[in-house]
Structure formats: structure tokens, C-alpha cells
Amino acid sequence: MTSKERAHLKGLAMNMEPIMQIGKSEVTPELVKAADEALEARELIKIHVLKNCFADLREIANTLAERTRSQVVQVIGRKIVLYRKSDTKPKDKRILA
């Protein structure tokens with residue numbers, strides 16, 4: 001991903017609400033499956049990490065990205081933004097060409 005593409009995705013993510021939360025159980029198989037389905041449907045997702053999760057946010061983001069075959073766009077505060085190009089969406093409906 002180029003820096004221009006990353007900047008574009010960060011701009012889109014600014015106005016998004018988080019669609020998932022990660023708590024003290026951290027990265028579970030159910031969370032990975034839900035994130036995978038959300039990435040396929042939306043391509044870009046924002047995840048909120050709750051205060052009761054004491055793991056490193058970068059580590060959580062990298063683990064989740066690896067398991068969902070996505071890319072970490074940014075980790076800022078307690079928010080993680082992930083992107084994966086959809087295989088099922090038509091080309092004209094995709095976020096990045």
C-alpha cells in the first residue's frame with residue numbers, strides 16, 4: 001500500500017464509527033471471523049479496543065491483520081483501522097481501484 005492510498009484510507013476512516021470492540025479476551029476466533037466478514041462486506045473497518053484490554057494495541061492490530069489477511073491502516077488512541085480489498089465487490093464499488 002502506498003502512502004497516498006494509506007492517507008486516503010485514513011481520511012475515510014476519520015468519519016467512521018467503530019463496528020467492533022475488543023475487550024479483555026483480546027483476539028478470539030469469533031472476533032477474527034466477524035472481522036473477516038466485515039472486511040469482505042466493507043473493505044475498511046474501525047475497531048475500538050476497550051480499556052480492560054491490557055495487551056499492546058500494535059500487537060493486537062498485527063495479529064488481527066495477519067489472521068484476516070488484511071493491512072493495518074492505522075492504530076491511533078484505542079482505535080484500529082484495517083483494510084482488505086474485497087473479492088466479491090464489483091470494481092466500481094471498491095474503495096481503492
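## A starting point in the sheet

Let's begin with one pair of residues: I45 has L82 in β4 as its bridge partner. This is a predicted model, and that pair is a handy place to start looking around. Strand β2 covers residues 44–49 and strand β4 covers residues 79–83. The two strands run antiparallel, and five bridges join them.

## The whole sheet

Now step back to the sheet itself. In what order do the four strands lie? The order is β1-β2-β4-β3, in an open sheet with mixed pairing. At the edges are β1 (20–22) and β3 (71–76), each of which pairs on one side only. On average, neighbouring strands of this sheet are turned by 25° against each other, direction ignored.

## A helix across the strands

Next comes helix α2, which lies across β1, β2 and β4. Relative to β1, helix α2 runs at about 150°.

## Where two helices meet

Helix α2 (residues 29–42) also packs with helix α3 (residues 57–68). How far apart are their axes? The axes are 10 Å apart, and the packing angle is about 65°. The two helices are therefore roughly perpendicular to each other, and α2 passes α3 in a right-handed crossing.

If you would like to find the contact in the structure, look on the α2 side for L31, V32, A35, D36 and L39. Their counterparts in α3 are L64, R67 and T68. Of the residues in this contact, five are nonpolar, one is polar and two are charged.

Conventions:
Residues numbered from 1 in each chain as written. Predicted model: local features only at pLDDT ≥ 70, side-chain atom pairs only at ≥ 80, totals over all residues. Heavy atoms only, no water. Axes fitted to C-alpha atoms, helices over the stretch in contact; angles between N-to-C directions. Parallel < 35°, antiparallel > 145°, perpendicular 65-115°, else oblique. Left-handed = near helix turned anticlockwise from the far one by under 90°. Contact = heavy atoms within 4.5 Å. Nonpolar A, V, L, I, M, F, W, Y, C, P; charged D, E, K, R; others polar. Pairing = 2+ DSSP bridges.
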